[in-house]
Amino acid sequence: MSNTTRREWLQAWALAALASGKLSAQQQDKRPQPLPINEYEPKSMLHVKETHVARARFPVIDFHTHLSFTNASGPTEKANFRAKREEILPVMDSKNIRAMVNLTGGYGAALEENLNYWQKPNPDRFITFTEPWFKRSAEPGYSKFQAEQIERAAKLGAKGLKVLKTLGLFLREPAGTGKLVAIDDRRFDTMWEACAAAKFPVAIHTSDPEAFFLPIDRFNERFEELNAHPDWSFHGRDFPSNRELHEARLRVVARHPKTQFVFLHVGNAEDLAWVSEWMDRHPNIAVEFGARIGELGRQPRAARKFFDKYQDRILFGTDAVPYGKETPQQIFGEKLYEIYYRFLETEDEYFDYAPAPIPPQGRWRIYGIGLPDRILKKVYHQNAERLLRLK
Ligand SMILES: [Zn+2]
């Protein structure tokens, strides 16, 4: 009997046995059992090199962290510190992090609290960005007020402006229609210009992963994440599409050529060809890659070319949040940095992009891109030093 014939015969026998209830208990146990997807934790059987990169090869400026958030619910804005200085500094020392940029440095009184707590005692280690005072954006005279707030922040010692994805996805006209405020709304023109005058880089997060705009179903590559956090989805309702959001941001960039923009999360990390088009067209765009090594590392050949071509315009960032349990790929700590360094410095294959038992941003693993020293230095600190005018 040939192998194929034998297999067919066995299959036919098994089906007949199953139908007549003649399968033994032992045979029945071997039949596949359904397994909930969130319980599946396959261990890779690949025997490949595992490099432990305990320290970055060159000093690092982490351009994208969240050491505080602003609580705007009370009569004055309050800074909510996510950790104490003493919890952050030892990790920085051991991982060769020269400085961290706290992007969510807030506005109003919260900005001063942040500057006083983080930056003033350690001006070489902590850098503070301010944020737009969105709560006031519907008030008369907002454009002038917001431009003045940028000047005030610069005088106080802030080093840039952070714009959350709030703009485009959450900020709505408080009265009347409740329509979403567009990213290129004219009322912010004075703010972008004030940033150019103050030499503030604008760190801007627009839209979200492409999968967040699709139905949460079995075809969605981020199903588990969205299923656990359905409120992260922008599918349906009155949300603009991913493309519309990015196009609105590009109109802002084109309108304000003297303003330096830093597109957070690689702009749109799933489509490096599209991001390249933007960067070729607009010299005032740089990118940062916090919380996106999962995307870059699953397309290592395209990512490597991207780093080569735009080596002077890419900034190191992690989007680190101390105790950020909701986003395992961003929990501040030694493990997080080791993964980023491994991705950038080694050619290791097929490793986890987040310090978590299950890949939290999609079920895949990543490959290191082994950057040469010349590019590593730029990405780790030189590009950020130039943009932040640290030298
Ligand atoms: Zn962030």
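Here's a quick tour of this protein's fold, from the overall layout down to two odd residues.

Keep in mind that this is a predicted model. The protein has 391 residues, and 41% of them count as buried. Its fold is built from 14 helices and 10 strands.

**Overall layout**

- If you follow the C-alpha trace along its principal axes, the protein spans about 85 × 55 × 40 Å.
- Take the contacts with a separation of 6 or more: 74% of them come from residues 24 or more positions apart.

**The sheet**

- Eight strands make up an open sheet, with parallel pairing.
- Reading across that sheet, the order goes β1-β4-β5-β6-β7-β8-β9-β10.
- Some background helps here: strands in a sheet pair through backbone hydrogen bonds, and they can do it parallel or antiparallel.
- Which strands stand at the edges? They're β1 (60-65) and β10 (314-315), and each has a single partner strand, so one side of each is left without a neighbour in the sheet.

**Starting from the β1 edge**

- β1 pairs with β4 in the parallel sense, over four bridges.
- In this pairing, Thr65 stands opposite Asn102 in β4.
- Next comes β5 (residues 126-130), which runs parallel to β4 and is joined to β4 by three bridges.
- Asn102 turns up again here, standing opposite Thr128 in β5.
- Is β4 mostly covered or mostly open? It's mostly covered, with five of its six residues buried.

**At the β10 edge**

- Strand β9 (residues 285-288) runs parallel to β10, and two bridges join them.
- Val287 stands opposite Ile314 in β10.

**A helix across the sheet**

- Helix α14 (residues 373-387) lies across five strands: β1, β4 (97-102), β8 (261-263), β9 and β10.
- It runs at about 70° to β1.

**The nonpolar cores**

- The largest nonpolar core has 89 residues.
- Which residues have the most contacts inside it? Those are Val202, Val262 and Val287.
- Helix α13 (residues 334-345) gives the most to this core, chipping in seven residues.
- Apart from it, there's another core of five residues, including Ala211, Phe212, Leu226 and Phe234.
- Let's zoom in on Val262: leaving out residues up to four places away in sequence, it touches Pro201, Val202, Ala203, Ile204, Ala286, Val287, Glu288, Leu315 and Leu387.
- So two of the core's other best-connected residues, Val202 and Val287, show up among the residues that Val262 touches.**Two residues with an unusual backbone**

- As a rule, most residues other than glycine have a negative phi.
- His265 has a positive phi of about 55° although it isn't a glycine.
- Val266 isn't a glycine either, and has a positive phi of about 60°.
- Where is His265 found? Look in the loop between β8 and α10 (272-281).
- Val266 is in the loop between β8 and α10 too.
- Is His265 buried or exposed? With 23 other C-beta atoms within 10 Å, His265 is buried, because the cut-off for that is 20 or more.
- Val266 counts as buried as well, with 23 C-beta neighbours inside 10 Å.

Terms used
Residues are numbered from 1 along each chain as its sequence is written. This is a predicted model: local features need pLDDT of at least 70, side-chain atom pairs count only at pLDDT 80 or more; totals for chains, interfaces and linings use all residues. A nonpolar core is a set of buried Ala, Val, Leu, Ile, Met, Phe, Trp, Tyr and Cys residues joined through C-beta atoms within 7 Å. A residue is buried if 20 or more other C-beta atoms lie within 10 Å of its own, exposed if 12 or fewer, and partly exposed in between; C-beta atoms are placed from the backbone. Two residues are in contact if their C-beta atoms, placed from the backbone, lie within 7 Å. Two strands pair if DSSP finds at least two bridges between them. Axes are lines fitted to C-alpha atoms, for helices over the stretch in contact, and angles run from 0 to 180 degrees between N-to-C directions.
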